[in-house]
Amino acid sequence: MSPVKQSEIEVFERDGVVLIRSAFDAHWLDELETAVEDVMKNPSSLSREYIQTGNGRFFTDHHMSHYNDSFRRFMLNSPASQIAAALLRSEKLNLVDEHLLVKEPGTDVPTYWHHDLPYFEVSWQDFASFWIPLDTVTKTNGAMKFAKGSHKWGRIFKPVMIGSGQDAEGAADFDGPVPDIDRDPEGYNVELFEMKRGDALFFHAATLHAAEPNKSASTRRRALSLRYGGSRATWEPREYVPSRPDTPDLKPGGSLDGPDYPVIWRA
């Protein structure tokens, strides 16, 4: 039986983003909360502080399951992969990226408009992300917002530095900069998603999205972003890829299967 409703699959395909209510039980989130503290105390070489100027802290790290047992259990045993496969109508999933994002209270920097596609060497088809918050998310503490339907525009915009909004140095121009979506949110069909703990967003890698600053006094915004390639996803080399695997052994236009993008789920 499918872990998601047919209507949710149709919303994802139409809008490029869907909100799945009560996707994860509290015990999974409780374990991840403890694991987040461990990772922040002992970050990997892939960790970054997105804020260089301004107030607050926006911490990020990648591939936590490589060295943290709680993240590994979540990746292998939680319903995340099964839900993602159902939404993609896919017979298998390759794990492309595993990304922790912690926006602390008092962080006055937004997450600037971008889409995930140009940051990775994965094709347009069957490339999507889960965004799983560990906290209640509101407009005040950093809710995500999406330009619904933008995954169907057929355009790839130049990547930006997430913490500054400046062009990513070394990236191709693609179709130029992201348009000024905040200037006309209705025209771009923008929806902001406030979420309860346990809810999750699933969105296409070409769907434009951003997030609000965390202006709250005491509420953190911790989230895990999981990026998957489905059955039709292929390897597409790009000039600017901040999370490129160390030893890619793949062919352009070919399967992602291999140690760099392991198959994490099969039907």
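Two residues are in contact when heavy atoms of theirs lie within 4.5 Å. By this criterion, in the predicted model, D15 is in contact with K148, G149, H151 and T207, its neighbours within four places in sequence being left aside.

D15 is located in helix α1, which covers residues 6–15. The relative accessibility of D15 is 9%, and the residue therefore counts as buried, the cut-off being under 20%. A polar contact joins the side chain of D15 to the side chain of R14, at 2.8 Å. The distance from D15 to P242 was also computed: the two residues are separated by 227 residues in sequence, and their C-alpha atoms are 27 Å apart in space.

A second element considered was helix α3, formed by residues 69–77. Its buried residues are S70, F71, F74 and M75. Viewed down the axis of α3, these buried residues fall within an arc of 135°, so they line one face of the helix. On the other side of α3, L76 and N77 are exposed.

The buried residues of α3 are covered by elements that include two helices, α2 (26–41) and α4 (80–88). Strands also contribute to this cover, among them β4 (92–103), β6 (127–133), β11 (221–229) and β12 (263–266). The N-terminal end of α3 is capped by N68. In this cap, a side-chain oxygen of N68 lies 3.0 Å from the backbone nitrogen of S70, and S70 is itself one of the buried residues of the helix.

Definitions and conventions: Residues are numbered from 1 along each chain as its sequence is written. This is a predicted model: local features need pLDDT of at least 70, side-chain atom pairs count only at pLDDT 80 or more; totals for chains, interfaces and linings use all residues. Side-chain values use heavy atoms; hydrogens and water are left out. Helices (H or I, at least four residues) and strands (E, at least two) are DSSP runs, numbered from the N terminus. Buried means under 20% relative accessible area, exposed over 50%, partly exposed in between (1.4 Å probe, protein chains only). A polar contact is a pair of N or O atoms within 3.5 Å; within protein, one must be able to donate a hydrogen and the other to accept it, and residues adjacent in sequence count only if both atoms are side-chain atoms. The arc is that of the directions from the helix axis to the C-beta atoms.
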